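Work through the exercises below with the model open. Each one sets a task and then solves it in steps.

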Amino acid sequence: MTITPDDSKQILDLTIEGKSFYEGFDNNMSWEDLYVLVKDTLGWERAEMEKQFKWVGGDKPDEPREGPSTPVKKIMLKNLKDMFGGTRKAVEERREVIDVTRARRTTTAYLLHSLGTIFFPDNSGNRVNVHYLQWLKNLQETKEYAWGTATLAYLLDSFRKASRVGATDLAGNVGLFQAWVYDHFPGMIPSTTWSDDDAGPTGKKFVFTGTQTKHKEDNISTLRL
């Protein structure tokens, strides 16, 4: 028994048919190729890219580092949000004009942030793999991918890693897993607000307020019996 692609479709309302994510995807791109990719999609010059990669490796912007730094092919989610966030506010307050290039880069940054926090979050909680920009290089093709299938595959692979001895964290879209559990095991549902709206994905049914009564251990024991 496991989560199926159809579950992913019903809970998240993401497409489960379409272009494969592994088609043409290279998770070991050279630094030079990455620089070209980031410049094309986010508009960063090489100096900015190197700074971003070094921050992930442990550098701090205002503090000198002892010894050589080790750049990492990831971007800090906070930095991404700080650099591209507030676009609507800027338009309203400063009456800025958003041209096509800036709109595309802001959209790309938003989608990359979503990939690192919703679709494929890792255990770091604050980084996103810069290689994901390959899926966003052409925004017209982005919608052609099977996002629901990829999100599920990433979650199931996270289960595999979490099952190892010493593992303490679970990556991936945990909300998908929770909603699936509640759909199939109603006795596990915590005390929460229930939405009567039948429209949209089933995952919208659960509205968590942060004040749920916690009896997880009792529920799990009963379920096992």
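**Exercise 1. Place W31 and list what surrounds it.**

Step 1. This is a predicted model. W31 is found in helix α2.

Step 2. Classify its exposure. The relative accessible area of W31 is 29%, so it is partly exposed.

Step 3. Collect the contacts, setting aside residues up to four places away in sequence. W31 touches F53, P71, V72 and K73.

Step 4. Look at K73 in detail. Its charged end sits over the ring of W31, 5.1 Å from the ring centre.

Step 5. Check a backbone distance. E50 is 19 residues from W31 along the chain, and their C-alpha atoms are separated by 9.6 Å.

**Exercise 2. Describe the ring pairs of W31 with Y35 and with F53.**

Step 1. Choose the descriptors. A pair of aromatic rings is described by the distance of the centres and the angle of the planes.

Step 2. Take the total for the protein. The count comes to 18 aromatic pairs. One of them joins W31 and Y35: the centres are 6.4 Å apart, the planes make 35°, and the pair is tilted.

Step 3. Explain the sequence spacing. W31 and Y35 are four residues apart in helix α2 (residues 31-42), so about one helical turn separates them.

Step 4. Add the exposure of the partner. Y35 has 10% relative accessibility; because the cut-off for buried is under 20%, Y35 counts as buried.

Step 5. Turn to F53. W31 and F53 also form a tilted pair, with 5.4 Å centre to centre and 55° between the planes. Here the rings come from two helices, α2 for W31 and α3 (residues 46-56) for F53, so the pair ties together parts that are 22 residues apart in sequence.

Step 6. Classify F53. At 2% relative accessibility, F53 is buried.

Step 7. Look for a ring network. F21, F25, F119, F120, Y132, W135, Y145, W147 and Y154 are linked into a cluster by ring pairs.

**Exercise 3. Map the nonpolar cores.**

Step 1. Start from the expectation. In soluble globular proteins, nonpolar side chains tend to be buried together.

Step 2. Find the hubs. The largest nonpolar core has 30 residues, and L42, I75, L112 and F120 touch the most other members.

Step 3. Assign the core to elements. Those giving two or more residues are α2, α3, α4 (77-84), α6 (100-119) and α8 (147-162). The top contributor is α2, with five residues.

Step 4. Inspect one hub. Beyond its neighbours within four places in sequence, I75 contacts L42, W44, Q52, F53, V56, L80, L112, N126, R127, V128 and V130.

Step 5. Look elsewhere. Another core, of eleven residues, lies apart from the largest one; I3, I11, L176 and A179 are among its members.

**Exercise 4. Is H131 buried or exposed, and what does its side chain reach?**

Step 1. Locate the residue. H131 is in the loop between β2 (127-129) and α7 (139-142).

Step 2. Classify it. With a relative accessible area of 3%, H131 is buried.

Step 3. Find the polar partner. The H131 side chain reaches the backbone oxygen of N27 at 3.4 Å.

Step 4. List the contacts, again without residues up to four places away. H131 touches F25, D26, N27, N28, M29, L34 and K73.

**Exercise 5. Explain what stands out in the backbone of D13.**

Step 1. Recall the norm. Most residues other than glycine have a negative phi.

Step 2. Compare. D13 is not a glycine, yet it has a positive phi of about 60°.

Step 3. Give the setting. D13 lies in the loop between α1 (5-12) and α2. At 43% relative accessibility, D13 is partly exposed.

**Exercise 6. Summarise the whole chain.**

Step 1. Count the elements. The protein has ten helices and four strands.

Step 2. Write their order. Along the sequence it reads α-α-α-β-α-α-α-β-α-α-α-β-β-α.

Step 3. Take the burial. Of the 225 residues, 32% count as buried.

Step 4. Take the surface. The accessible surface is about 14,300 Å², and 51% of it belongs to carbon and sulfur atoms.

Step 5. Take the contact range. Among contacts with a separation of 6 or more, 62% come from residues 24 or more positions apart.

Conventions. Residues numbered from 1 in each chain as written. Predicted model: local features only at pLDDT ≥ 70, side-chain atom pairs only at ≥ 80, totals over all residues. Heavy atoms only, no water. Buried < 20%, exposed > 50% of the residue type's maximum accessible area, 1.4 Å probe, protein only. Contact = heavy atoms within 4.5 Å. Areas by Shrake-Rupley, 256 points an atom, 1.4 Å probe, with all protein chains shown as cover. Phe/Tyr/Trp six-rings, centres within 6.5 Å; stacked < 30°, edge-to-face > 60°. Lys NZ or Arg CZ within 6 Å of the ring centre and 35° of its normal. Core = buried A, V, L, I, M, F, W, Y, C linked by side-chain atoms within 4.5 Å. Polar contact = N/O pair within 3.5 Å; in protein donor to acceptor, adjacent residues only side chain to side chain.
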